[in-house]
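Okay, thanks for coming, everyone. Let me put the model up and then walk you through it.

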Amino acid sequence: MRTTGDRIRHALSFEIIGLLTIAPLGGWAFGVPLEAIGLVAIVAATIATLWNYIYNFLFDHAMLRIVGDVRKSLAVRVGHAVLFEAGLLALLMPFIAWYLDISLLAAFKMDLFFALFYLVYAFIFNWAYDLIFPIPDPRSAESPAT
């Protein structure tokens, strides 16, 4: 399992890199002023950071209980990213519609764009994060049988 410090580093680095990438892309793609899309992105990143911590904590505990390990296969990584983004979509859509004074349908389309970006980004980021900061193998901590 990852430590609290590691989870915080993971969540913050994920959101900072994502924010620096998505705000200019979103402003350009939707013709929204950078200040408006920037504020939406900051609020979304704050909500996503909290969701990231909670979701990954719960997901890892579920994996530990079900599989006995928190290392993720390719299929689990895909499911992990899709479920994360679906939950975040439900959390963010009402805020986007309200703040930008757009319909829920327009907010849904905008949020889908962001979700698609973050779906790919989350997959790549988490894979890279696990390569840079690998999860310790629990078997290596066991003492050999005598």
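I'll go through helix 1, the core, the salt bridges, the rings and a couple of odd spots.

Some housekeeping. This is a predicted model, so local features need pLDDT of at least 70 and side-chain atom pairs count only at pLDDT 80 or more, while totals for chains, interfaces and linings use all residues. Residues are numbered from 1 along each chain as its sequence is written, and side-chain values use heavy atoms, with hydrogens and water left out.

Let's start with helix 1. When I say helix, I mean a DSSP run of H or I, at least four residues, numbered from the N terminus. Helix 1 has 27 residues and spans 37 Å from its first C-alpha to its last, close to the expected 39 Å; the expected figure is 1.5 Å times one less than the number of residues. There is a kink in helix 1 of about 30°, centred on Leu19, where the bend is the angle between axes fitted to the seven residues ending there and the seven starting there. Right after helix 1 comes Gly31, with a positive phi near 65°.

So what is buried in this helix? Buried, by the way, is under 20% relative accessible area, exposed is over 50%, and partly exposed is in between, with a 1.4 Å probe and protein chains only. The list includes Phe14, Ile22 and Ala23, but also Asp6, Arg7, His10 and Glu15. Helix 2 and helix 4 are among the things that cover these buried residues. Take Arg7, which is in helix 1 and buried at 8% relative accessible area. Beyond its neighbours within four places in sequence, Arg7 contacts Met1, Arg2, Tyr53, Asn56, Phe57 and Asp60, contact being heavy atoms within 4.5 Å.

Now the core. A nonpolar core here is a set of buried Ala, Val, Leu, Ile, Met, Phe, Trp, Tyr and Cys residues joined through side-chain atoms within 4.5 Å. The largest one has 29 residues, and Ile96, Leu100 and Met110 touch the most other members. Helices 1 (4-30), 2 (34-66), 3 (74-100) and 4 (104-132) each put in at least two residues. If you zoom in on Met110 and skip anything within four places in sequence, you'll find Phe30, Val32, Ile37, Ile96, Leu100 and Ile102 in contact with it.

On to charges. There are seven salt bridges, counted when a side-chain nitrogen of Lys or Arg is within 4 Å of a carboxyl oxygen of Asp or Glu. Asp130 pairs with Arg2, with the closest N and O atoms 2.5 Å apart. That one links distant parts of the chain, 128 residues apart: Asp130 is in helix 4 and Arg2 in the segment before helix 1. Asp130 is buried at 17%, and Arg2 is buried at 15%.

Asp130 also has a salt bridge to Arg77, at 2.5 Å, N to O. Arg77 sits in helix 3 and Asp130 in helix 4, so this pair ties together parts 53 residues apart in sequence. Arg77 is buried too, at 12%. Put together, Arg2, Asp6, Arg9, Arg77 and Asp130 form a salt-bridge network.

While we're at this end, look at Ile135, in the segment after helix 4. Ile135 is buried at 13% and touches Arg2, Val70, Arg71 and Asp130, leaving out residues up to four places away.

Next, rings. We get 21 aromatic pairs: rings of Phe, Tyr and Trp (its six-membered ring) pair if their centres lie within 6.5 Å, with planes under 30 degrees apart called stacked, over 60 edge-to-face and the rest tilted. Phe95 and Trp98 have centres 6.1 Å apart and planes at 45°, so that pair is tilted. Phe95 is buried at 18%, whereas Trp98 is exposed at 63%. Phe95 and Tyr99 have centres 5.9 Å apart and planes at 15°, so they count as stacked. Those two are four residues apart in helix 3, about one turn. Elsewhere, ring pairs join Phe14, Phe117, Tyr118, Tyr121, Phe125, Tyr129 and Phe133 into a cluster.

Last stop: Asp101, in the loop between helix 3 and helix 4. Asp101 is not a glycine, yet its phi is positive, about 55°. Asp101 is exposed, at 71% relative accessible area.
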